[in-house]
Amino acid sequence: MDFDLSWVLWGLPIAFVLGWLASRLDLRQLRIENRQAPKAYFRGLNFLLNEQQDQAIDAFIEAVQKDPDTSELHFALGNLFRRRGEYERAVRVHEHLLSRGDLSRADRHRAQYALALDFLKAGLLDRAEEALRKLEGTAYEGQALPALLAIYERTRDWAQASEVAQKLEASGQADFSGRKAHYLCEQAINAAPADAEKLLRQAMKAAPDTARPRLELAALQRRAGDSTAAYKTLSRAAQRAPAAIPLIAKPLVEAAVAAGQQPEALEILHTSYELSPSLDVLEAIVALEREPAEAREWYVKHLKREPSLVAATRWLAGEKLEHEQFHPHVQKALEHAVKPLTRYRCAACGFEAKQHFWQCPGCQAWDSYPARRVEEL
Ligand SMILES: [Zn+2]
């Protein structure tokens, strides 16, 4: 068969030229489209870089109107609104994104998370909770669960907080046993005595080496009139959480006196004091010593170890001074000077308080208050 090679010789370059022309045409079309929409976008970006957020928003709105399909632009706009505190507009942008049928799964989750942040920032906790709940099982779960936990803590919904802490622990984020024990203790505060005891025992099981569950169980037992049980609970607490003995010392003394266990309690306190002298343990020892002179000797002993103004003031209070008529004035001035030294201070934010807190009222951190007074830090 006769095959005309000239067809191949002509055909190949023609096909090549046609292909090249088609590709140029496509590129030109794309360039024209791109030139129209991103102009406003780049203008917005420019404003944003110059910290002119108002103008940036106007430019972005224009860009979004020209090309309503650009999801990235919507995200940028929504975040801008949120940062400026215009939560209603941020919500509208993110809800608009979510209503779009063509949104990819990943972008849908991203918009859902952005919406949750809008509600969180706006303080609409119930709507934030609803939005965050929808993110469980998605790539945003790692961010959503801690945010949910913060909401439940703020609304003091301890049962839900426990459930989220459980999930966070299961995902291997951190150890939440101490936190779960706190939630149980918080639930016990408003529960009937029998239920409270059950909750506190659960808390003891969740975090056996923490002081709070045993301290609160002992208080419950004291209220029920069972001082012997309270003493046992507290001495066990001192054993399991020796760092918290300064917090345990006072109720331990009260329970020991009521249960007739003074010598045993004194032994626990002496041992703890020798290991690490603390003002609260010192006061507890002084309270348990039968001989007043011997008790006051403990302040002097403490002063030899630690230059403590608090201990000096306590010692002076019982001392007979030469000019006795001035003593109350001197004592008052000293007590006043000592007051700030006997506070507790949050290690996370520095918030100081007269009483010890398990959760800081300033920064909401748990267990951020050391068991020691400011003077001892
Ligand atoms: Zn704090």
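## Zinc site: where the cysteines sit

Strands here are DSSP runs of E, at least two residues long, numbered from the N terminus, as are the helices, which are runs of H or I of at least four residues. With that in hand, we can place Cys363: it lies in the segment after β2. Please keep in mind as you read on that this is a predicted model.

Cys363 is one of the residues that hold the zinc ion. The zinc ion is coordinated through the SG atoms of Cys346, Cys349, Cys360 and Cys363, at 2.3 Å. The angles among the four donor atoms run from 106 to 112°, and the site is tetrahedral. Along the sequence, the donor residues follow the spacing C-x2-C-x10-C-x2-C. Cys349 belongs to the loop between β1 (344–345) and β2 (352–353), while Cys363 comes after β2, so this pair ties together parts that are 14 residues apart in sequence.

## Zinc site: contacts and exposure

Around Cys363, leaving aside neighbours within four places in sequence, the contacts are Cys346, Ala348 and Cys349. Cys363 and Cys346 are 17 residues apart along the chain, and their C-alpha atoms are separated by 8.7 Å.

Which of these cysteines counts as buried, at 1% relative accessibility? That is Cys360. Buried means under 20% relative accessible area and exposed means over 50%. Cys349, with a relative accessible area of 41%, is therefore partly exposed, and Cys363, at 32%, is partly exposed too. If you are checking the cysteines for cross-links, the structure holds zero disulfides.

## The nonpolar cores

How many residues make up the largest nonpolar core? It has 42, and Ile248 and Leu269 are those with the most contacts inside it. Seven helices each supply at least two of its residues: α11 (212–223), α12 (227–240), α13 (245–259), α14 (262–275), α15 (279–288), α16 (292–305) and α17 (309–317). The helix that gives the most is α13, with eight residues.

Leu269 shows how these contacts are made up. Not counting residues up to four places away in sequence, Leu269 touches Ala249, Leu252, Val253, Val281, Ala284, Ile285 and Leu288. Another core lies apart from the largest one; it has 31 residues, among them Leu97, Leu115, Tyr140 and Trp366.

## Two helices up close

Helix α12 is one of the contributors to the largest core. Its buried residues are Ser227, Ala229, Ala230, Tyr231, Thr233, Leu234, Ser235, Ala237 and Ala238. The elements covering them include α11, α13 and α14. As for geometry, the 14 residues of α12 should span 20 Å at 1.5 Å a residue, and the end C-alpha atoms are 20 Å apart, which agrees.

Helix α8 (residues 158–170) can be given the same check. Its 13 residues should span 18 Å at 1.5 Å a residue, and its end C-alpha atoms are 18 Å apart, in agreement. In α8, Trp158, Ala161, Ser162, Val164, Ala165 and Leu168 are buried. Their cover includes α6 (125–133), α7 (141–154) and α9 (177–189). One backbone detail may catch your eye in a Ramachandran plot: just after α8, Gly172 takes a positive phi of about 75°.

Notes
Residues are numbered from 1 along each chain as its sequence is written. This is a predicted model: local features need pLDDT of at least 70, side-chain atom pairs count only at pLDDT 80 or more; totals for chains, interfaces and linings use all residues. Side-chain values use heavy atoms; hydrogens and water are left out. A nonpolar core is a set of buried Ala, Val, Leu, Ile, Met, Phe, Trp, Tyr and Cys residues joined through side-chain atoms within 4.5 Å. Buried means under 20% relative accessible area, exposed over 50%, partly exposed in between (1.4 Å probe, protein chains only). Contact means heavy atoms within 4.5 Å. Donors are N, O and S atoms within 2.8 Å of the metal (3.2 Å for Na, K and Ca); water is not among the atoms, so sites may look incomplete. Four donors count as tetrahedral if all angles lie between 85 and 135 degrees; four count as square planar and six as octahedral if opposite donors are over 155 degrees apart and all others between 65 and 115; anything else is irregular. A disulfide is a pair of cysteine sulfur atoms within 2.5 Å. The expected span of a helix is 1.5 Å times one less than its number of residues.
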